[in-house]
Amino acid sequence: MYLDARGLVLSTKSGQAATAFDHLVAGYLTQRADAGERLEAVLAADPDFALAQCMKGYFAMLAFKEAMVPTAAEQARKAAALCTDVTERERSHVAALAAWAEGDLDRALATWEAILRDHPLDVVAFRLAHFLYFWLGRPQEMVASVDRVLPAWSEEVPSYSAMLACHAFAHEEVGDYVAAEPSGRRAIELDPGDLWAAHAVAHVMESQGRRSEGIRWLTALAPNWEGSHNMQHHLWWHCALFKLEYGDHAGVLELYDTRFRNLNAPLTVASPDVYIDVQNAASMLFRLQRLGVDVGNRWVELADKAEARIGDCVSAFTLPHWMMALTATGRTEAAGRMVEAMRGFANGRGTLPPLVRDYVLPISEALLAHAAGHHDRAVELMRPALGGMYQLGGSHAQQDVLEQLFVDAALKAGSLDDVRLVVERVAGRRAIPPERFLGWREAARRADLTAPPA
């Protein structure tokens with residue numbers, strides 16, 4: 001047995017495998033594009049390394065793609081068969097993978113948190129929990145998780161910057177900007193290439209309306225993103241959001257075509273339908289079209305990919321984005337098939353089916369109604385989902401596009417009560433008033449929160 005970089009036991013007889021495992025974990029935490037190659041190096045050094053086989057399953061699940069779930073389940077079985085002489089911590093990781101592959105995300109989270117109670121330096125358990133809490137819309141749990149383990153860490157512990165980045169992002173998502181920004185900036189001082197830290201501080205700036213500062217922050221850090229995976233695309237999407245607020249539509253489309261939806265970029269060619277890339281692209285096109293910007297044929301390739309993913313409900317928050325592409329291109333029949341596939345999924349077992357049933361389905365049906373010009377119906381369908389759709393995950397900045405769908409339908413339906421309803425929701429959650437956001441200016445004017453309701 002060997003110890004990892006943070007002193008945790010690794011049940012491998014290969015020193016080369018142990019060293020390669022540390023390299024793998026570092027690559028995972030820093031969003032390196034070669035993480036898969038790093039994993040293969042570990043397995044080549046020791047194919048019987050149970051935790052490494054488990055990591056292969058984790059990576060399959062991190063793809064948020066139905067086609068990868070059988071791979072993850074097989075990896076859980078393979079890793080379990082290798083758990084004859086391993087630590088309880090490693091055995092628990094395999095159990096967490098099995099739960100995740102079975103769709104029981106809550107059991108996976110509970111297992112990781114149990115690991116962290118005994119091993120607060122298990123950064124893999126922590127980071128996976130952070131990831132799933134985020135995609136289940138549980139920012140308070142993100143905060144609680146990082147605040148529980150951070151006292152065991154220090155700058156002398158490898159990957160401390162990654163922990164600070166998570167501390168920053170978790171606290172930003174609950175509106176604690178005073179705690180969030182210093183942690184994010186310190187993480188960048190320790191590792192200028194930490195994308196999650198750059199992301200956390202960009203979110204603080206977005207929430208506070210610091211647009212010019214946000215553009216400078218991201219563009220100054222961008223040279224450090226070489227070799228990272230698709231998270232760099234999401235950071236460029238944030239940069240485009242800042243430019244959008246200035247009405248720089250040409251600048252936004254340039255970033256779309258060259259930075260976060262460049263169809264010829266190696267990352268995009270290698271993985272053309274990564275969930276975060278799809279969310280970036282569809283949400284930006286939707287915002288631009290609301291502002292009357294001609295986006296050309298950019299929806300078409302997204303709609304093509306959406307048709308190929310009908311029935312894949314592993315990433316609940318991505319589903320409305322696929323629907324945006326289908327409805328924007330008039331593919332009503334395909335959109336209907338996607339909705340029916342969601343209905344089938346919603347009858348299943350696990351953590352996600354109820355979320356698809358209660359939130360994704362009404363939002364998707366609202367998109368169909370909205371595209372058909374039935375704006376009253378879109379409002380009626382979506383109104384019950386407003387209070388809970390945060391459970392689909394995504395940040396405030398990402399959830400905003402769903403809220404914009406509702407307010408657009410309400411404005412077109414002439415429903416002032418619903419416009420006021422959603423504007424009040426947005427005003428209660430943001431550090432600056434809705435009228436300072438371009439997509440909310442007309443709605444805020446119509447709602448006029450300083451006036452008594454009619």
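**Spaces and a helix in a predicted model**

Me: How much space lies in the second largest cavity?
Reply: This is a predicted model. The space was found on a grid where a probe fits but cannot get out. For the second largest cavity, that space is about 80 Å³.

Me: Which elements give two or more residues to the lining of the second largest cavity?
Reply: Residues that line this cavity include Phe21, Val25, Arg89, His93, Val123 and Val124. Helix 5 covers 88–101. The elements that give two or more residues are helix 1, helix 5 and helix 7.

Me: How many residues in the lining of the second largest cavity are charged?
Reply: Asp and Arg count as charged. Asp4, Arg6, Arg89 and Asp122 are among the lining residues. By class, the lining has 7 nonpolar and 1 polar residue, and the charged ones number 4.

Me: Which helix gives the most to the lining of the largest cavity?
Reply: The largest cavity holds about 190 Å³ of space. Its lining has 19 residues, with Glu206, Leu241, Glu245, Arg287 and Phe437 nearest the centre. Helix 11, helix 13 and helix 22 (396–413) each supply at least two. With 4 residues, the one that gives the most is helix 13.

Me: How many cavities of 30 Å³ or more does a search of the whole structure find?
Reply: The largest cavity, at about 190 Å³, has been described. So has the second largest, at about 80 Å³. Searching the whole structure with a cut-off of 30 Å³ or more gives a count of 5.

Me: Which residues lie nearest the centre of the largest pocket?
Reply: The largest pocket contains about 1,200 Å³ of space. Its lining is made of 36 residues. Elements giving two or more of them include helix 3 (50–62) and helix 13 (231–245). Nearest the centre lie Leu62, Ala63, His229, Asn230 and Val274.

Me: How many residues of the lining of the largest pocket are nonpolar?
Reply: The lining divides into three classes. Polar residues number 10 and charged residues 7. The nonpolar count is 19.

Me: How far apart are the end C-alpha atoms of helix 10?
Reply: Helix 10 has 14 residues, 177–190. At 1.5 Å a residue, the helix should span 20 Å. The model agrees, because the end C-alpha atoms are apart by 20 Å.

Me: Against which helices do the buried residues of helix 10 pack?
Reply: Buried means under 20% relative accessible area. In helix 10, the buried residues include Tyr177, Ala180, Gly184 and Ile188. The buried residues of helix 10 pack against helix 9 (160–173), helix 11 (195–207) and helix 12 (211–221).

Methods
Residues are numbered from 1 along each chain as its sequence is written. This is a predicted model: local features need pLDDT of at least 70, side-chain atom pairs count only at pLDDT 80 or more; totals for chains, interfaces and linings use all residues. Side-chain values use heavy atoms; hydrogens and water are left out. The expected span of a helix is 1.5 Å times one less than its number of residues. Buried means under 20% relative accessible area, exposed over 50%, partly exposed in between (1.4 Å probe, protein chains only). Contact means heavy atoms within 4.5 Å. On a 1 Å grid over the protein atoms alone, a cavity is a set of points where a 1.4 Å probe fits but cannot get out, and a pocket is an open set with protein on both sides within 12 Å along at least five of seven lines; lining residues have an atom within 4 Å of a point. Grid points are joined across faces, edges and corners, and a volume is the space filled by probe spheres set on the points.
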